[in-house]
Each structure stands twice: as structure tokens, then as C-alpha cells.
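Reader: I am new to this structure and would like a close look at a single part of it, namely the aromatic rings that pair with one another. Could you take me through that part slowly?

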Amino acid sequence: MDVNIKNLVHAFSKLPGLGPSSSRRLVIHLLQNKEKIMLPLASLIKELADLIVECKVCGNLDAKSPCSICTNPKRDGKLMCVVEELGDLWAFEKGSIYSGMYHVLGGRLSAINGIGPKELNLDTIPKRVAELEFEEVIIAINPTLEGQVTVQYIIESLKNLDVRISRLACGIPMGGEIDYLDEGTLKAALTSRQEYELNIK
Ligand SMILES: [Zn+2]
């Protein structure tokens, strides 16, 4: 196999959900459809990579920073929804079930994987809440053990601020992923969200 083909197969195999054999099939398909699929795809990826930046306010990816959500005057500037990943933000946006602001962490705390607060967009939360006078922080973090550690860290960082902290209601199974939920379930979990009890603050 040509070394360039090998490199592309290797690059694809690093993507979520793709192993070596599915990557090989993908590359074969691309090479056999060079004009119709491979070249348009290559330029789309290049254009997107050149265009998209991370919003310096909320961590969203968009064509501008601050992003189109942060700068939209029609959105509720008193509500902040904290999510782990961009996919979770997209899940809320897809259903148009939420009209507040976001805060994208970029992952969750994980001692095993060496991910501490500095690796995530965590310490900007209390800063944003204080400066922009948010009234409520909705924590929409996946219910995993590492997620719970992350939630505790956020609650601790907000304890001296006058802000309501809530979490999504039941409906998200333990270990479940927000971006796999159907819109109805996510909407129900959001509308019947519960405020965190003071004693765990
Ligand atoms: Zn933003």
C-alpha cells in the first residue's frame, strides 16, 4: 500500500467510531470516487477548518468569536447552560428547546486521563456568572462518575455567587449521553429541571 494511502487510513482510524478496517473501506471508497466525493470533501474540510474558531466567551465553535449565540440579542442572557461538549450544545439547539446562553467545557474532569480544571473551560464559569449577572446556571453534564466530580467542582466555584444552580431532571440514564437523547426527552429533562439543594453546596 502506498505510504500516503496508509497515512490517510491511519488518520481516519483516529476518528470516533472508526477502526482500521472501516477506515480502509472509507479510503477505498474515496479513491474510487475521486471527482464526485473525495475532492469536494477535501475542500469542504479545508474551508471549514479555515473558517471556524472557538468562541472566547462560551467555547462554542462558530464562524465568529463571540459566536452567533453569544451575540444574539433575542436569547435569554440570564440563563447559562453548562455542557461538556459541542455535541451536547447541538442537541439543545437542534430541538430549539432552549434559548439561553451556553458554556462548553470541552470535556470533564478525569484524574485517570490527566484532565484537570486547567484543561477545561471551567474557571471562566464563576467569572462569567459574576460579570454578566446570570440568574441561573443549568448544569447539563452527563451522569457519569467523572461528570459528578465535574459538577461538584462547578458548584463549589459558584458557592459565593448569588446564582441559582439547577440540573436536568430524570430521563437521562446513568452513563447516558445528552447528545443521543431524543428532543422530547431532553425537553422534558430541561423544563422539569431541579435546583440543587443548599446542603450539597
Ligand atoms: Zn459564544
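Author: A residue is called buried here if its relative accessible area is under 20%, and by that measure both Phe-92 and Tyr-102 are buried. The model is a predicted one, and every value below is computed from it. A pair of aromatic rings is described by the distance of the centres and the angle of the planes. With ring centres required to lie within 6.5 Å, the count comes to 3 aromatic pairs. One of them joins Phe-92 and Tyr-102, whose centres are 6.3 Å apart and whose planes make an angle of 50 degrees, so that the pair is classed as tilted, a term for planes that are neither under 30 nor over 60 degrees apart. This pair links distant parts of the chain, for Phe-92 belongs to helix α4, which covers residues 86–94, while Tyr-102 belongs to strand β4, which covers residues 100–104, and the two residues are 10 residues apart. The two buried residues do not stand alone, since ring pairs link Phe-92, Tyr-98 and Tyr-102 into a cluster.

Another aromatic ring, that of Tyr-196, has a charged neighbour: Arg-167 lies over the face of Tyr-196, at 5.8 Å from the ring centre. An aromatic residue also appears in the second largest pocket, where Phe-12 is among the lining residues, together with others including Leu-8, Met-38 and Ile-45. By class, that lining has 7 nonpolar residues, 1 polar residue and no charged ones, and helix α3 (34–51) gives the most to it, with 4 residues.

Terms used:
Residues are numbered from 1 along each chain as its sequence is written. This is a predicted model: local features need pLDDT of at least 70, side-chain atom pairs count only at pLDDT 80 or more; totals for chains, interfaces and linings use all residues. Side-chain values use heavy atoms; hydrogens and water are left out. Rings of Phe, Tyr and Trp (its six-membered ring) pair if their centres lie within 6.5 Å; planes under 30 degrees apart count as stacked, over 60 as edge-to-face and the rest as tilted. Buried means under 20% relative accessible area, exposed over 50%, partly exposed in between (1.4 Å probe, protein chains only). A charge sits over a ring if NZ of Lys or CZ of Arg is within 6 Å of the ring centre and within 35 degrees of the ring normal. On a 1 Å grid over the protein atoms alone, a cavity is a set of points where a 1.4 Å probe fits but cannot get out, and a pocket is an open set with protein on both sides within 12 Å along at least five of seven lines; lining residues have an atom within 4 Å of a point. Ala, Val, Leu, Ile, Met, Phe, Trp, Tyr, Cys and Pro count as nonpolar, Asp, Glu, Lys and Arg as charged, and the others, Gly among them, as polar.
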